[in-house]
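Colleague: Could you take me closely through the eight-stranded open sheet, with the elements that pack on it and the pocket beside them? Please go strand by strand where you can.

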Amino acid sequence: MAEVNTNRAQEAIAFDQSKTGVKGLIDAGVAKLPSIFVQPPESRPDPSEISTEQLQVPVISLDGVESGKRRAEIMGEIREASETWGFFQVVNHGVPLSVMSGLLESIKRFHEQPSEMKKEFYSRDNKVKYYSTSALHVNQTAHWRDTLAIDFDKTISDPQSLPLACREAFVEYLSYMSKLRYALSELLSEALGLQSDYLEDIQCMERHRFVCHYYPPCPQPDLALGLTRHSDPSFLTILLQDNIGGLQVLHKDKWVNVTPMEGAFVINIGDFLQLVTNDKFKSVEHRVLAGTVGPRISCSCLLFPSEKNHYKVYGPINELLADGTPPRYRAISPSEYDDKYLARGLDGSQVLDWFRL
């Protein structure tokens, strides 16, 4: 076993040092899945674990959200989805379809440019970085995808630091994403029975981390995963995906496909929002399958406290404990959470369990 692990570690290092990612393997004509991409048997997709019911993640229209009666209806739908699914899709949200498709096209353009043009961004430490599998050297099993990640607070202080292939699209996209983030923050606060500005006031969603994924066609998708099961480390995640499909959410111990909808964003509750709501809203495990069709393009916007609040402590909201409900978590900082999350390397278990009382 030690020899196998050593070989996988060496293969992971060699793959990482190539700085060409999964797209580089495709360009080289790989026909068999390299061993570092082969998931252990217990992690591979199992048809018996996929729901056969006609289930669908709730779809919520934000049309008319400013009117009192309609707003109450929307708030109720968001509350129910956050409590039972941890996921929902939103439509009629005010972000133009041209802006959404323009961003996806720019992400594809970045990943499909010559390798030499991408290598300058290859890193796991910078604010703007390109890499393949963030936890590659933790668990030595790679995901079948490449990633461009962009991390900043409310605004992009230096647009020139962004790759030219997607710079203009990102600047435009952020202006709309900021408005959507604020609208969702208000609705989630109200859905919790709090003042609409509650989540905004505790400054829990001021930092944006865009992770822009490129999932090429996979030669042996039954052995691989685009992304293994996990829950998000954020307060909230806003996902833009193309029409390829592959995202699945765990619901009642079965995997349910999140069907792509044109013009929709997928919203999911993150671990920190589950913590501060004392388990009222659920952060649910999800995964992305590898497929024979592609590339699949997506962009997740994960929302966190700002860098200045990285060591600020967040615990269950006092107003939600007013009826005598005991807190189920101890208060923690994003920094403490990150230490556990990074050490686990997306191993398929919820990091929140470490902080339960």
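Modeller: In this predicted model, Ile60 has Val90 of E2 as its bridge partner, and the two strands concerned, E1 and strand E2 (residues 87–91), run parallel and are joined by three bridges. That pair belongs to an open sheet of eight strands, in the order E1-E2-E10-E7-E12-E5-E4-E3, whose pairing is mixed. Strand E1 (59–61) and E3 are the edge strands, each of them pairing on one side only, and from one strand to the next the twist averages 20°.

Two helices that lie across this sheet deserve attention. Helix H4 (residues 97–111) lies across E3, E4, E5, E7, strand E10 (265–269) and E12, and its direction makes an angle of about 110° with E12. H7, for its part, lies across E4, E5, E7, E10 and E12, running at about 115° to E5.

H7 also meets another helix: the axes of helix H3 (residues 68–84) and helix H7 (residues 167–191) come within 9 Å and cross at roughly 80°, which makes H3 roughly perpendicular to H7. On the H3 side the contact is made by Arg71, Ile74, Met75, Ile78, Arg79 and Ser82, and on the H7 side by Glu186, Leu187, Leu188, Glu190 and Ala191. By class, the residues of this contact divide into six nonpolar, one polar and four charged.

As for the pocket, the largest one holds about 980 Å³ of space. It is lined by 40 residues, of which Tyr131, Ser134, Arg209, Val211 and Tyr341 are the closest to its centre. Among the elements that each supply at least two residues of this lining are strand E3 (128–131), strand E4 (146–152), strand E5 (207–215), strand E7 (236–241) and strand E12 (296–304), along with helix H10 (334–344). The lining divides into 16 nonpolar, twelve polar and twelve charged residues.

Strand E6 (225–230) and strand E11 (286–289) likewise each supply at least two residues of that lining, and they bring in a second open sheet, of four strands in the order E6-E11-E8-E9, with antiparallel pairing. E6 and strand E9 (254–257) stand at its edges, each with a single partner strand, so one side of each is left without a neighbour in the sheet. Neighbouring strands here are turned by 30° against each other on average, direction ignored. Within this second sheet, strand E8 (residues 247–251) and E11 run antiparallel and are joined by three bridges, with Val249 standing opposite His286 in E11.

Methods
Residues are numbered from 1 along each chain as its sequence is written. This is a predicted model: local features need pLDDT of at least 70, side-chain atom pairs count only at pLDDT 80 or more; totals for chains, interfaces and linings use all residues. Side-chain values use heavy atoms; hydrogens and water are left out. Axes are lines fitted to C-alpha atoms, for helices over the stretch in contact, and angles run from 0 to 180 degrees between N-to-C directions. Angles under 35 degrees count as roughly parallel, over 145 as roughly antiparallel, 65 to 115 as roughly perpendicular and the rest as oblique. Contact means heavy atoms within 4.5 Å. Ala, Val, Leu, Ile, Met, Phe, Trp, Tyr, Cys and Pro count as nonpolar, Asp, Glu, Lys and Arg as charged, and the others, Gly among them, as polar. On a 1 Å grid over the protein atoms alone, a cavity is a set of points where a 1.4 Å probe fits but cannot get out, and a pocket is an open set with protein on both sides within 12 Å along at least five of seven lines; lining residues have an atom within 4 Å of a point. Grid points are joined across faces, edges and corners, and a volume is the space filled by probe spheres set on the points. Two strands pair if DSSP finds at least two bridges between them.
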